[in-house]
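Work through the exercises below with the sequence and the structure side by side. Each task is followed by a solution that goes step by step.

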Amino acid sequence: MDDLSVQVPLSCPTCGCTEFSEVSGQDQDSADERRFICAHCGVAISRDQLTEANSASIDATIQDMGDDIISALSKDLKKALKRKGWKVK
Ligand SMILES: [Zn+2]
């Protein structure tokens with residue numbers, strides 16, 4: 001249910017790359033603090049930050065388009081993300 005991996009279509013807030021590798025190990029006590037490394041620019045980002053960065057870009061896209069169809073599509077996208085356990089506004 002909580003299987004986030006490289007195929008999740010979220011993009012790096014720094015460079016826009018959509019490939020990430022998950023960092024594991026280092027801090028066993030904080031499983032919630034999973035971190036991902038961007039495959040392109042190497043930035044390390046937490047799951048929360050990644051979610052936040054991408055929900056912001058989703059919202060920005062909606063505002064940009066200002067279109068009912070886009071917003072309907074985005075609702076579906078958010079629903080899909082929520083099913084994956086992402087916090088989306
Ligand atoms: Zn990047």
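**Exercise 1. Find out how much surface the chain exposes, and what share of its residues is buried.**

Solution. In this predicted model, the chain exposes about 6300 Å², and carbon and sulfur atoms supply 50% of that area. Turning from the surface to the interior, buried residues make up 25% of the 89 residues in the chain. A further step concerns contacts with a separation of 6 or more, of which 37% are accounted for by residues 24 or more positions apart.

**Exercise 2. List the helices and strands, and give their pattern along the sequence.**

Solution. Counting the elements gives two helices and three strands. Reading along the sequence then gives the pattern β-β-β-α-α.

**Exercise 3. Describe how the strands are arranged in the sheet, and say which of them stand at the edges.**

Solution. Begin with the order, which is β1-β2-β3 in an open sheet of three strands with antiparallel pairing. β1 and β3 each have a single partner strand, so they stand at the edges, and one side of each is left without a neighbour in the sheet. From one strand to the next, the twist averages 35 degrees.

Next, take the pairs of strands in turn. β1 and β2 run antiparallel and are joined by four bridges; within this pair, Val23 has Arg35 of β2 as its bridge partner, while Phe20 stands opposite Cys38 in β2. β2 and β3, which also run antiparallel, are joined by three bridges, and here Arg35 stands opposite Ser46 in β3. The hairpin of β2 and β3 has five residues between the strands, and in it Gly42 takes a positive phi near 80 degrees.

Finally, look at the two faces of β2: Phe36 and Cys38 belong to the covered face, whereas Arg35 and Ile37 belong to the uncovered one.

**Exercise 4. Decide whether Ser46 is buried or exposed, and name the residues that it touches.**

Solution. Ser46 lies in strand β3. Its relative accessibility is 8%, and because buried means under 20%, Ser46 counts as buried. Leaving aside residues up to four places away in sequence, Ser46 touches Arg34 and Arg35.

**Exercise 5. Identify the protein donors of the zinc ion, the geometry of the site and the spacing of the donors along the chain.**

Solution. The first step is to name the donors, which are the SG atoms of Cys12, Cys15, Cys38 and Cys41, lying 2.3 Å from the zinc ion. The second step is to examine the angles among the four donor atoms, which are 104 to 115 degrees. Four donors count as tetrahedral if all angles lie between 85 and 135 degrees, and the site of the zinc ion is therefore tetrahedral. The third step is to follow the donors along the chain, where their spacing is C-x2-C-x22-C-x2-C. Cys12 and Cys41 link distant parts of the chain, being 29 residues apart, with Cys12 in the segment before β1 (20–23) and Cys41 in the loop between β2 (35–38) and β3 (44–46).

**Exercise 6. Classify Cys12 and Cys41 as buried, partly exposed or exposed.**

Solution. The relative accessibility of Cys12 is 4%, so Cys12 counts as buried. Cys41 has a relative accessible area of 37%, and because this value falls between the 20% limit for buried and the 50% limit for exposed, Cys41 is partly exposed.

Technical notes:
Residues are numbered from 1 along each chain as its sequence is written. This is a predicted model: local features need pLDDT of at least 70, side-chain atom pairs count only at pLDDT 80 or more; totals for chains, interfaces and linings use all residues. Side-chain values use heavy atoms; hydrogens and water are left out. Donors are N, O and S atoms within 2.8 Å of the metal (3.2 Å for Na, K and Ca); water is not among the atoms, so sites may look incomplete. Four donors count as tetrahedral if all angles lie between 85 and 135 degrees; four count as square planar and six as octahedral if opposite donors are over 155 degrees apart and all others between 65 and 115; anything else is irregular. Buried means under 20% relative accessible area, exposed over 50%, partly exposed in between (1.4 Å probe, protein chains only). Two strands pair if DSSP finds at least two bridges between them. Axes are lines fitted to C-alpha atoms, for helices over the stretch in contact, and angles run from 0 to 180 degrees between N-to-C directions. Contact means heavy atoms within 4.5 Å. Accessible areas come from the Shrake-Rupley method with a 1.4 Å probe; for residues, only the protein chains shown count as cover.
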